[in-house]
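I opened my notebook to go through this one with you, one topic at a time. Here is what I looked up.

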Amino acid sequence: IFFSTSRHTMDKSITLPPDEIFRNLENAKRFAIDIGGSLTKLAYYSTVQHKVAKVRSFDKATKVNIPEAASDKLYEISVQEEVTARLHFIKFENAYIETCLDFIKDHLVNTETKVIKATGGGAHKFKELIERKLGLKVDKEDEMTCLIKGCNFVLRNIPHEAFVYAKHADSEFRFQTTQPDIFPYLLVNIGSGVSIVKVESEDKFERIGGSSIGGGTFWGLGALLTKTKRFDELLQLASKGQHTSVDMLVKDIYGGSYGSLGLTGDLIASSFGKSATADKEFSKEDMAKSLLHMISNDIGQLACLYAKLHNLSRVYFGGFFIRGHPVTMHTITYSINFFTKGEVQALFLRHEGYLGAIGAFLKGAEEDNPNQYSWGENYAGSSGLMSVSPDMNPMQRARSGTFDMLEMDRLERQLVNLPLLQDPSSYIPDTMDLTEDALAREYWLYCFEEALDGVVKRAVASQPDMPEAAERAEKFRQKYRHKLQTLRHQPL
């Protein structure tokens with residue numbers, strides 16, 4: 001989608017590449033929407049009809065049995081029609097909501113519903129606009145219920161959804177394998193404030209604690225200290241700062257470590273402690289970094305205490321404060337490691353921005369019982385890892401602008417983990433991780449690139465009667481090569 005925008009007005013003309021955003025909208029059946037303070041997440045369900053080609057290739061050995069008329073062909077292809085279900089999730093800034101609703105309304109053809117499920121703080125604010133634009137009744141769902149429902153869904157259905165973040169390791173992201181049993185776990189949702197939720201089963205969860213010192217505190221105090229009003233800008237400042245010039249460390253008090261208490265000299269003894277006595281100006285970057293440490297350590301300690309109290313080892317962090325930003329993930333991880341001496345890992349989610357939208361959609365789709373199926377991520381229709389963060393994924397943002405996408409395809413039966421093994425959880429498969437093995441990664445990317453021209457040539461030859469075959473093949477070549485380049489620069 002391409003938007004032409006100026007400071008005060010927005011040109012509502014959209015040119016939409018058909019295979020990009022809002023895909024398959026004409027077959028959309030049901031909708032859900034999650035509207036936060038700055039981002040809207042839209043979910044819809046559609047059916048995708050596609051041709052599946054059953055291919056039999058001919059080589060010299062088998063050509064003898066082929067009728068003369070067919071012997072000059074490379075393949076014998078029989079085509080079947082298949083219909084599959086697909087879930088689409090799209091994330092965009094609230095500034096575009098009116099434009100997007102207009103576009104959806106113009107392309108709605110086969111929708112079966114008269115209701116759109118809505119959640120999030122903005123659901124009330126935009127209720128009238130949605131009803132007027134789409135002609136659908138807005139049915140509001142509880143935010144926390146949707147969040148947990150969405151979290152359960154991604155943990156169960158998306159391989160490598162959860163990851164550990166290690167800033168200085170060879171591979172910053174260490175993905176966790178999907179476990180058949182995801183319960184119980186602790187979800188620490190850091191929005192303006194902090195909610196700590198214990199999740200025991202599909203429908204049983206409880207808010208066991210929280211704090212008013214959260215993302216809003218970092219934003220508010222940061223704005224007062226640095227005069228920077230934008231949240232992401234504040235994080236950018238923090239990533240460049242040195243907290244030690246503002247914070248009072250143990251060695252500033254004792255001249256070194258405090259051995260008998262097991263406190264190292266570099267430990268923060270007092271957040272912002274130096275600013276009371278030092279007669280100097282502090283940089284915005286240093287103050288932002290000190291503030292980030294203060295908030296993260298407070299949340300980390302709180303999360304650890306609740307995890308210990310309820311005997312939980314799996315702790316997931318999400319919410320506006322996290323959103324895949326390396327600097328926040330690092331400070332939270334450091335804090336958790338410190339307070340639990342490495343016994344509890346801070347876990348993050350690849351799709352945490354979509355949890356509310358997924359949950360709201362599932363609330364409206366209970367008659368279909370989505371849990372009886374397995375769902376797989378459609379990588380070709382998804383934006384990739386962490387594309388919300390501009391400094392992390394510039395190539396991806398250049399392609400999809402301010403839009404971020406996730407697509408999932410439905411498998412008609414439920415998959416189970418390695419059904420023939422006595423104990424699937426203890427099985428360690430002999431796999432190669434191309435995100436970590438740079439040599440193997442370069443080898444395979446080179447192989448795919450080298451094979452590309454041959455594949456394109458054979459594709460054109462397989463459809464000699466179709467004049468557009470060469471043009472389609474060229475489009476495929478460019479798209480495939482671009483994908484390989486993306487994987488080379490951003491293996492994750």
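**Entry 1: an exposed loop residue.** I began with Asn311, which counts as exposed because its relative accessibility is 72%, and the cut-off for exposed is over 50%. I found Asn311 in the loop between α8 and β15 (314–318). Its backbone caught my eye as well: Asn311 has a positive phi of about 55 degrees, although it is not a glycine. A reminder to myself that I am reading a predicted model here.

**Entry 2: another positive phi.** Next I turned to Arg323, whose phi is near 40 degrees, again a positive value in a residue other than glycine. Arg323 sits in the loop between β15 and α9 (326–340). Is Arg323 buried or exposed? I noted it as buried, because its relative accessibility is 13% and buried means under 20%.

**Entry 3: a cis peptide bond.** I also went through the peptide bonds and wrote down the one from Phe183 to Pro184, which is cis, with omega near -10 degrees. Pro184 belongs to the loop between β9 (173–175) and β10 (185–190).

**Entry 4: the whole chain.** Then I stepped back for the overall figures. I have 13 helices and 18 strands in the chain. Of its 492 residues, 43% are buried. The accessible surface of the chain is about 26,500 Å², and carbon and sulfur atoms account for 52% of that area. I looked up the contacts too: among those between residues at least 6 apart in sequence, 67% join residues at least 24 apart.

**Entry 5: an enclosed helix.** Why do I call helix α10 largely enclosed by the rest of the structure? Nine of the 10 residues of α10 (residues 355–364) are buried, so that description fits. I listed the buried residues of α10 by name: Leu355, Gly356, Ala357, Ile358, Gly359, Ala360, Phe361, Leu362 and Gly364.

**Entry 6: a serine in α8.** I then looked at Ser290, which lies in helix α8 (residues 284–309). Ser290 counts as buried because its relative accessibility is 0%. What does Ser290 touch, leaving out residues up to four places away in sequence? I wrote down His243, Val246, Asp247 and Phe272.

**Entry 7: cavities.** I started this page with the principle in mind: rolling a probe the size of a water molecule over the atoms shows where empty space is left. The structure holds three cavities of 30 Å³ or more. I followed up the second largest cavity, which has about 40 Å³ of space. Its lining is made of 11 residues, and Phe22, His88, Ile90, Met405 and Glu407 are those nearest its centre. Two or more residues of this lining come from each of the elements β5 (75–93) and β18 (404–411). By class, I counted seven nonpolar, one polar and three charged residues in the lining of the second largest cavity.

**Entry 8: a residue of β18.** While I was at β18, I looked up Leu411, which is in that strand. Leu411 is partly exposed because its relative accessibility is 37%, between the 20% and 50% cut-offs. Leaving out residues up to four places away in sequence, Leu411 touches Tyr373 and Ser374. I also noted Leu411 together with Arg86: they are 325 residues apart in sequence, and 9.6 Å apart in space from C-alpha to C-alpha.

**Entry 9: aromatic rings.** How many aromatic pairs did I find? The count comes to 23 aromatic pairs. One of them is formed by Trp444 and Phe448, a tilted pair with 6.2 Å centre to centre and 35 degrees between the planes. Both residues lie in helix α12 (residues 438–461), four residues apart, which is about one turn of the helix. My margin note on this reads: an α-helix has 3.6 residues a turn, so residues three or four places apart point the same way. Trp444 is partly exposed, with a relative accessible area of 35%, and Phe448 is partly exposed at 39% relative accessibility.

I closed the page with a cluster of rings, in which ring pairs link Phe163, Tyr165, Phe173, Phe175, Phe317 and Phe348.

Definitions and conventions:
Residues numbered from 1 in each chain as written. Predicted model: local features only at pLDDT ≥ 70, side-chain atom pairs only at ≥ 80, totals over all residues. Heavy atoms only, no water. Buried < 20%, exposed > 50% of the residue type's maximum accessible area, 1.4 Å probe, protein only. Contact = heavy atoms within 4.5 Å. Areas by Shrake-Rupley, 256 points an atom, 1.4 Å probe, with all protein chains shown as cover. 1 Å grid on protein atoms, 1.4 Å probe; cavity = no way out; pocket = protein on both sides within 12 Å on 5 of 7 lines; lining within 4 Å. Points joined across faces, edges and corners; volume = space filled by probe spheres on them. Nonpolar A, V, L, I, M, F, W, Y, C, P; charged D, E, K, R; others polar. Phe/Tyr/Trp six-rings, centres within 6.5 Å; stacked < 30°, edge-to-face > 60°.
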